[in-house]
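This briefing goes through a single protein model, taking its nonpolar regions, selected residues and charged pairs in turn. Please keep the sequence and the structure in view while reading.

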Amino acid sequence: MRLLFLSVFFLTSATCHAQWKTSVGVNIPPIIAKSAEISSEFRRNPGYSLNFNLGHTFKTGHTGLIDHKVYDRISERRTSGTFVKAGVRLYPTSMSAKQKRNHFFLGAFLILSHYRQTALFEELEVSDTYTPVSSKGTVLFPAATIGFQHNLTRFLILDWGVQKSFVLRENNYLGRRDRNYQPGAGSAQSDPFIGYFQGILSLKYQFSN
């Protein structure tokens, strides 16, 4: 509730500045991992924008779309946490300040991610003795985005693309690093090569000036 209140307060305040176009929506792919993410964009020129996203992960056991089920003596791993993203977008095809219906974008975020994890650790291999273990912390890391934006109507905007995060975290993972979910970034096991890929599919409402 506190996150929702802060989101509404921040976004309402921002819309009071008439010289900025403001759009707010929900990013859908994180829902797969029990994460809710509110995305917002503030634009003064068609060629660039400021972006702020807020979200929360609710006790997810998600380990990525490609699950390499490697035995690491950890079971019932659950991750919760809150994340904030702040960044910029460039629209290279719209740098002339001419408003277009479809845009290609490149972006960058700084992500502040707070995580809390719990799991059961098997004391000895092939035993039935488990010990509760936990881990928590807050990390700051960069991310890059690429995708397309479409103006469906005067008030509806569709964003789609991908986000690649570069997670810098203490070595306090529960079990294998690539099986730990990071709020705001996804899983290191999200793809077979470089990890921490997350989809962007956001339907946003643009407030009129």
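Arg 176 has a relative accessible area of 37%, and it therefore counts as partly exposed, since that class lies between the 20% limit for buried and the 50% limit for exposed residues. The model is a predicted one, and the points below are grouped by topic, starting with this arginine.

**Arg 176 and its surroundings**

- Arg 176 belongs to the loop that runs between strand 7 (156-165) and strand 8 (181-182).
- Although Arg 176 and Ile 74 stand 102 residues apart along the chain, their C-alpha atoms are separated by 8.7 Å.
- Once the neighbours within four places in sequence are left aside, the contacts of Arg 176 are Val 70, Asp 72 and Arg 77.
- The side chain of Arg 176 also meets that of Asp 178 in a salt bridge, with an N to O distance of 3.4 Å.

**Salt bridges**

- How many salt bridges does the structure hold? There are nine salt bridges in the structure, and the one between Asp 178 and Arg 176 has been described above.
- Two of the residues in contact with Arg 176, namely Asp 72 and Arg 77, form a salt bridge with each other, in which the closest N and O atoms are 3.1 Å apart.
- Arg 77 is buried because its relative accessible area is 9%, and Asp 72 likewise counts as buried, at 14% relative accessibility.
- Arg 78 is joined to Glu 76 by a side-chain salt bridge of 3.7 Å, N to O, and Arg 78 counts as partly exposed because its relative accessibility is 33%.
- Glu 41, Arg 43, Arg 89, Asp 159 and Lys 204 are joined into one network by salt bridges that share partners.

**Thr 79 in strand 4**

- Thr 79 is a residue of strand 4 (residues 74-90), and it counts as buried because its relative accessibility is 1%.
- Which side chain shares a polar contact of 3.0 Å with that of Thr 79? The partner is Gln 117, a residue that also appears among the contacts of Thr 79.
- Not counting residues up to four places away in sequence, Thr 79 touches Thr 57, Phe 58, Lys 59, Thr 60, Arg 116, Gln 117, Tyr 181 and Pro 183.

**His 103 in strand 5**

- His 103 is placed in strand 5 and is buried because its relative accessible area is 1%.
- The side chain of His 103 takes part in a polar contact of 2.9 Å with the side chain of Ser 94, and in another, of 3.3 Å, with the side chain of Asn 151.
- Ser 94 and Asn 151 are also among the residues that His 103 touches, a list that, leaving out residues up to four places away in sequence, further includes Arg 43, Tyr 91, Thr 93, Gly 147, Phe 148 and Gln 149.
- Arg 43, one of these contacts of His 103, is also a member of the salt-bridge network.

**Tyr 130 in strand 6**

- Tyr 130 is located in strand 6, and because its relative accessibility is 40% it counts as partly exposed.
- From C-alpha to C-alpha, Tyr 130 and Ile 74 are 9.0 Å apart in space, while 56 residues separate them in sequence.
- Beyond residues up to four places away in sequence, Tyr 130 touches Ser 75, Leu 120, Phe 121 and Glu 122.

**Nonpolar core and nonpolar surface**

- The largest nonpolar core has 12 residues in all, and these are Phe 83, Phe 109, Ile 111, Tyr 115, Val 139, Phe 141, Ala 143, Val 167, Tyr 173, Ala 185, Ala 188 and Tyr 196.
- At least two residues of this core come from strand 5 (102-122), and at least two from strand 6 (130-151).
- Ala 143, one of the core residues, is in contact with Gly 107, Ala 108, Phe 109, Ile 111, Gln 163, Lys 164, Ser 165 and Phe 166, when its neighbours within four places in sequence are left aside.
- On the surface, Tyr 48, Leu 90, Met 95, Leu 106, Ile 146, Val 162, Ile 194 and Phe 197 make a nonpolar patch of about 670 Å².
- Tyr 48, which contributes to this patch, lies in strand 3 (residues 48-60) and is partly exposed because its relative accessible area is 37%.

Conventions. Residues numbered from 1 in each chain as written. Predicted model: local features only at pLDDT ≥ 70, side-chain atom pairs only at ≥ 80, totals over all residues. Heavy atoms only, no water. Helix = DSSP H or I, 4+ residues; strand = E, 2+ residues; numbered from the N terminus. Buried < 20%, exposed > 50% of the residue type's maximum accessible area, 1.4 Å probe, protein only. Polar contact = N/O pair within 3.5 Å; in protein donor to acceptor, adjacent residues only side chain to side chain. Contact = heavy atoms within 4.5 Å. Core = buried A, V, L, I, M, F, W, Y, C linked by side-chain atoms within 4.5 Å. Patch = residues over 30% accessible without salt bridge, like charges linked within 9 Å, V, L, I, M, F, W, Y side chains within 5 Å. Areas by Shrake-Rupley, 256 points an atom, 1.4 Å probe, with all protein chains shown as cover. Salt bridge = Lys/Arg side-chain N within 4 Å of Asp/Glu carboxyl O.
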